[in-house]
Amino acid sequence: VQLQASGGGLVQPGGSLRLSCTASGSISTINGMGWYRQAPGKQRELVASIDNGDNTNYEASVTGRFAISRDNFRDTVTVYLQMNSLKPEDTAVYSCYATTKLNGTPKGYWGQGTQVTVSS
């Protein structure tokens, strides 16, 4: 599975950004995708996730502001993270991930990080 992320950038507080992450390769083995973030000097944290049943999970500080969704295509899967009402504390490197299960063996994959900076 290969992951390609895009959509980061600089935005003012209160603004919005949308991150995208497209998975290709053995997408039939994917059972979940999502986003982590890591701010300077802080531990990496799970921001949002979505599974094959479209069940979603959010980190408490982003609930009500961020929304994760997914589009399935024939050869790819794209996960979006719509980020609204952004705050300076949302500044971090955001990385998408995918989890797979093949023959009972779980595995994880990472895309490249994309910088999100919220600043006036």
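# A tour of an all-strand predicted model

Begin with Asp75, which is partly exposed, its relative accessible area being 47%. The model on screen is a predicted one. Keep Asp75 selected and add Arg74, since these two residues form a salt bridge in which the closest N and O atoms are 3.4 Å apart. Arg74 is exposed, with a relative accessible area of 75%.

**The whole chain**

Now zoom out and colour by secondary structure, where you will find zero helices and 11 strands. Followed along the sequence, the elements read β-β-β-β-β-β-β-β-β-β-β. The radius of gyration is 14 Å, close to the 14 Å that the globule rule gives for 120 residues, so the protein is as compact as a globular protein of that length. If you align the view to the principal axes, the C-alpha trace spans about 50 × 30 × 25 Å.

Switch to a surface representation next, bearing in mind that the protein exposes about 6,400 Å², of which carbon and sulfur atoms supply 46%. Buried residues account for 39% of the 120 residues. A contact map adds a view along the sequence: among contacts between residues at least 6 apart, 54% join residues at least 24 apart.

**Charges and a salt-bridge network**

Select the charged side chains, which comprise 10 positive and 8 negative ones, with the centres of the two sets lying 4 Å apart. How many salt bridges does the count come to? The count comes to six salt bridges, and the pair of Asp75 and Arg74, where the tour began, is one that meets the criterion.

Select Glu59 and Arg37 next, a salt bridge whose closest N and O atoms are 3.9 Å apart. Glu59 sits in the loop between strand 6 (56–58) and strand 7 (66–72), whereas Arg37 belongs to strand 4 (residues 30–38), so this pair ties together parts that are 22 residues apart in sequence. Is each partner buried or partly exposed? Glu59 has a relative accessibility of 22% and counts as partly exposed, while Arg37, at 5% relative accessibility, counts as buried.

Move on to Arg65 and Asp90, which form a salt bridge with the closest N and O atoms 2.7 Å apart. Arg65 lies in the loop between strand 6 and strand 7, and Asp90 in the loop between strand 8 (76–83) and strand 9 (92–102), so the pair ties together parts that are 25 residues apart in sequence. Both Arg65 and Asp90 are buried.

To see how these pairs are connected, select Arg37, Glu45, Glu59, Arg65 and Asp90 together, because salt bridges that share partners join these residues into one network.

**Two neighbours in strand 9**

Select Thr99, which is found in strand 9, and which is partly exposed with a relative accessible area of 29%. Leaving aside neighbours within four places in sequence, Thr99 is in contact with Thr29, Ile30, Asn31, Gly32 and Lys107. For a sense of distance, draw a line from the C-alpha atom of Thr99 to that of Lys87: the two residues are 12 apart along the chain, and these atoms are separated by 29 Å.

Step to Thr100, which also lies in strand 9. At 5% relative accessibility, Thr100 counts as buried. Not counting residues up to four places away in sequence, Thr100 touches Val1, Thr29, Ile30, Asn31, Thr105, Pro106, Lys107 and Tyr109.

**Two positive phi angles**

The last stops concern the backbone. Most residues other than glycine have a negative phi. Which values does phi take at Asp54 and Asn103? For Asp54, phi is near 65 degrees, a positive value in a residue other than glycine. Asp54 is found in the loop between strand 5 (45–51) and strand 6, and its side of the picture is completed by a relative accessible area of 47%, which makes Asp54 partly exposed.

Finish at Asn103, where phi is near 55 degrees, again a positive value in a residue other than glycine. Asn103 has its place in the loop between strand 9 and strand 10 (105–110), and at 76% relative accessibility Asn103 counts as exposed.

Terms used. Residues numbered from 1 in each chain as written. Predicted model: local features only at pLDDT ≥ 70, side-chain atom pairs only at ≥ 80, totals over all residues. Heavy atoms only, no water. Helix = DSSP H or I, 4+ residues; strand = E, 2+ residues; numbered from the N terminus. Rg over C-alpha atoms; globule rule 2.2 N^0.38 Å. Buried < 20%, exposed > 50% of the residue type's maximum accessible area, 1.4 Å probe, protein only. Contact = heavy atoms within 4.5 Å. Areas by Shrake-Rupley, 256 points an atom, 1.4 Å probe, with all protein chains shown as cover. Lys, Arg positive; Asp, Glu negative; His and termini not counted. Charge placed at Lys NZ, Arg CZ, Asp CG, Glu CD. Salt bridge = Lys/Arg side-chain N within 4 Å of Asp/Glu carboxyl O.
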